[in-house]
Amino acid sequence: MGTPLYSIPGGTPPASEPATDPLPPAAPAGCGARTVSEVLAQSQAGTVIEELDRDLIGLAPIKARIRDIAALLVIDKLRMNLGLQAQAPSLHMCFTGNPGTGKTTVALRMAQILFRLGYVRKGHLVAVTRDDLVGQYIGHTAPKTKEVLKRAMGGVLFIDEAYYLYRPENERDYGQEAIEILLQVMENQRDDLVVILAGYKDRMDTFFRSNPGMSSRIAHHLDFPDYGAADLMRIAEKLLTQQNYHFAPAARAAFAEYLAHRLRQPHFANARSVRNALERARLRQASRLFAESQREFTAEDLTTIAAEDIRASRVFQAAGAPPT
């Protein structure tokens, strides 16, 4: 749990990236516990929930839903400890929202919570897209899908842009075969695998209308809101701090203006766009300092993002603002 939440804010790991490593063994999840506090302490799930609440900026509705799901799982543990019948809850989920709103980050934390409470064996996250599941010719899709499912067993399978699995306009598309395999596993092995489907809300709604079997297996729908300007600024400052940088006072004001302009332009991707903007600002800062080849720099020089590093962005020019 040492990896900062905003190292990949809302981003999806590349398909070729290996699954996250299984978490180290935790104490038996709430074994013998009689109170909520005892379950959280024994399982260490409380620590994950606290980190999610502390480290993830904004997203109050999402945090509330995660706490609700965790509460259901904890109470089920207490019921089982008292010998009360408790049917295993359905835990498959759908995360909808625009890019950069933290869906992958929350999925990773959800996997950790499920592991700590004993609802999955390993707690790792396998993030994939259509290309990892669907083959290009007859007989290719089933092996690909089953291999992904094999890697994900005992943890969470995160399918980004899941609606691309279904392409009814293409009669020779093999996505439906992958969907049918997923449906079977989601039903028959739901005690050993949690599936999270993710994507734009309108496209996911269409996908579910076309695949009612998939819709009926999703118990929890979480809609991730876009970040507001204030939260985006907090994310920017958090990202800079993690890399040992900071805004000069004038640069902070310039970045606030940058966000105001960028939010009105197309293809804005929330925290992901903030991260990209900061990378470009770091590049400009490096170029600015590099030009002063005889100067001896201080730590303050090397860690400060200046206003000119922000205002040189094309976003200001596109908005009609002066670049300096």
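**Exercise 1. The salt bridge of Arg 252**

Decide whether Arg 252 is buried, exposed or partly exposed in this predicted model, and find which side chain it meets in a salt bridge.

*Solution.* Start with accessibility: Arg 252 has a relative accessibility of 39%. Buried would mean under 20% and exposed over 50%, so Arg 252 counts as partly exposed. Next, look for its partner: the side chain of Arg 252 meets that of Glu 237, with N and O 2.6 Å apart. Glu 237 is partly exposed too, at 28%. Finally, place the two residues: Glu 237 belongs to helix α10 (residues 229-242) and Arg 252 to helix α11 (residues 249-262), so the salt bridge ties together parts that lie 15 residues apart in sequence.

**Exercise 2. A link between distant parts**

Find the residue with which Glu 187 forms a salt bridge, and say where the two partners lie.

*Solution.* The partner is Arg 217, and the closest N and O atoms are 3.7 Å apart. Glu 187 sits in helix α7, while Arg 217 is in the loop between α9 (212-216) and β5; the pair links distant parts of the chain, 30 residues apart. Now check accessibility: Glu 187 is partly exposed at 37%, and Arg 217 is partly exposed at 21%.

**Exercise 3. Two helices side by side**

Describe how α6 and α7 pack, and sort the residues of their contact by class.

*Solution.* Take the geometry first. Helix α6 (residues 141-152) and helix α7 (residues 175-188) pack at about 35 degrees, and their axes are 9 Å apart. Their crossing is right-handed. Then list the contact: α6 brings Thr 141, Ala 142, Thr 145, Lys 146 and Leu 149, and these meet Glu 177, Ala 178, Ile 181, Leu 182 and Val 185 of α7. Sorted by class, the contact has six nonpolar, two polar and two charged residues.

**Exercise 4. The sheet and its helices**

Work out the strand order of the sheet, name its edge strands, and see which strands α3 and α4 touch.

*Solution.* Five strands make an open, parallel sheet, ordered β2-β3-β4-β1-β5. The edges are β2 (125-128) and β5 (220-224), each pairing on one side only. From one strand to the next, the twist averages 20 degrees. For a detail of the pairing, follow β2 and β3 (residues 156-160), which are parallel over four bridges; here Val 126 stands opposite Leu 157 in β3. Now add the helices. Helix α3 (residues 60-81) packs on the sheet and touches β1 (93-97) and β5, its direction making about 160 degrees with that of β5. Helix α4 (residues 103-116) also packs on the sheet, touching β1, β2, β3, β4 (194-199) and β5; its direction makes about 155 degrees with that of β1.

Methods: Residues numbered from 1 in each chain as written. Predicted model: local features only at pLDDT ≥ 70, side-chain atom pairs only at ≥ 80, totals over all residues. Heavy atoms only, no water. Pairing = 2+ DSSP bridges. Axes fitted to C-alpha atoms, helices over the stretch in contact; angles between N-to-C directions. Contact = heavy atoms within 4.5 Å. Left-handed = near helix turned anticlockwise from the far one by under 90°. Nonpolar A, V, L, I, M, F, W, Y, C, P; charged D, E, K, R; others polar. Salt bridge = Lys/Arg side-chain N within 4 Å of Asp/Glu carboxyl O. Buried < 20%, exposed > 50% of the residue type's maximum accessible area, 1.4 Å probe, protein only.
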